[in-house]
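Hi,

Here is the structure I said I'd pass along. Have a look at it first, and my notes follow underneath.

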Amino acid sequence: MRTLLITGPGGGGRTTVAAATARRAAAAGTRTLLLGADHTDTLGAALGTGTGPVPAEAAGNLTVWRPDAADRFRQDLTAFQTRAANVLDLLGAARLDAEEVTPLPGAQELSFLRALRDAALSERYDLLVVDLPPLPQALPLLALPEELRRYLRRLLPPERQAARALRPVLGRLAGVPMPAQWLYETAARWDTELAAVEAVLTDRQTTVRLVAEPGPAGADAVRTARLGLALRGLRTESLVANRVLPDTVPDTWLAGLLAQQRKTLAEWQAEHDVHCVPHLGRDPHGADDLDALAVPAVNQAPAPVEWPVTDSLAADGVLVWHIPLPGAVREDLDLIRRGDELVVSAGPFRRIVPLPSALRRCTVAGAGLREGELRVRFAPDPGLWPAADR
């Protein structure tokens, strides 16, 4: 299944473009599922028909689904209490009834990511269009599965499960009880679920469509988003310039706004695959307005994002790791080697990535930023690199 993630600055019309994109794909005969993240029904307002926690048909070949995070959280907590019944009884803890449970901070994001995973793995659809939150919330949301998996592996390493037969002995020697088996089983289950979400986000058939209104604020948001998405290895399929004014406008203040839009569009077209969506003169509502937007079709052949390692051992004695970071500024870049990981900070974003196997036997010999690409040089460690390979 192709997955198209749609986001943009708040107020940029991302939900409207997501609805119009899904409608265009469905009209072309593609079985399409439109997934909404907002807890309010902004998606239904654009479509002209309500959406909710039960997938519903909105048009031919088009199904719309807006998951209920609160209900999913109640189900998860009830299941957790059942699995941890022995421990809770030992502690004398009182159980929570489903009716008194309200979602905790972060519950909505996790519930939505699981819904995204379930939707992407469904065989009923050919295309999944996801109406993500605005950029300031969408970028951390897309980073969440990878970061949580890393925390779980550090706090509860899977290899410790292999020693569970020794825990009674270790407990007697240490004088303290060892972690219960259910804790490791829960961690393993969470890791599996997060890995499935991460696999959807990093799949070659998953891309991001940015939606922004041309202007200074939209330009800043797109520049920041482009860098954040690149650091995560996510592919940007296209940039939709939304609410573009016609070439001629009568009013003086609109003429100034038009000039501002034209300047931003010229900058975007030099760096992005830009599609202009005209301003209708009103907020789009319903099928006719959405179809009039003429949004671009979904790109069926997205270019993959590559972080290649090139061999320059013969010429320079180093291996070079190429990390595309469009829009990065040298002064805002920072690199730290931590064991077999590299901590990359670019502007407001930070990611900890495992080193490719060949680079784990090397030391960092320097780095440089050229034409939107970070090039990290690694020199073989004589103590770890076989002489025949040097």
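One definition before the helices: an axis here is a line fitted to C-alpha atoms, for helices over the stretch in contact, and angles run from 0 to 180 degrees between N-to-C directions. Also bear in mind that this is a predicted model.

With that in hand, take helix 9 and helix 10 (residues 252–269): their axes come within 9 Å and cross at roughly 20°. Angles under 35 degrees count as roughly parallel, so that is what these two helices are to each other. On the helix 9 side, the contact involves Pro-216, Gly-218, Ala-219 and Val-222, which meet Gln-260, Thr-264 and Trp-268 of helix 10. By type, the residues of this contact are 4 nonpolar, 3 polar and no charged.

Now the sheet. It is open and mixed, with 8 strands in the order 3-4-2-5-1-6-7-8. Strand 3 (56–59) and strand 8 (274–278) are the edges, each pairing on one side only. From one strand to the next, the twist averages 25°. At one edge, strand 3 pairs with strand 4 (residues 62–65) in the antiparallel sense, over 3 bridges, and Glu-57 sits opposite Thr-63 of strand 4. Helix 9 (residues 216–231) comes back in here: it packs on the sheet, touching strand 6 (206–212) and strand 7 (235–244), and its direction makes about 165° with that of strand 6.

Last, a residue to click on: Ala-143, in helix 6 (residues 135–155). Is Ala-143 buried or exposed? Its relative accessible area is 6%, so Ala-143 is buried. Its C-alpha lies 9.6 Å from that of Gly-228, although 85 residues separate the two along the chain.

Cheers

Definitions and conventions
Residues are numbered from 1 along each chain as its sequence is written. This is a predicted model: local features need pLDDT of at least 70, side-chain atom pairs count only at pLDDT 80 or more; totals for chains, interfaces and linings use all residues. Side-chain values use heavy atoms; hydrogens and water are left out. Two strands pair if DSSP finds at least two bridges between them. Helices (H or I, at least four residues) and strands (E, at least two) are DSSP runs, numbered from the N terminus. Contact means heavy atoms within 4.5 Å. Buried means under 20% relative accessible area, exposed over 50%, partly exposed in between (1.4 Å probe, protein chains only). Angles under 35 degrees count as roughly parallel, over 145 as roughly antiparallel, 65 to 115 as roughly perpendicular and the rest as oblique. Ala, Val, Leu, Ile, Met, Phe, Trp, Tyr, Cys and Pro count as nonpolar, Asp, Glu, Lys and Arg as charged, and the others, Gly among them, as polar.
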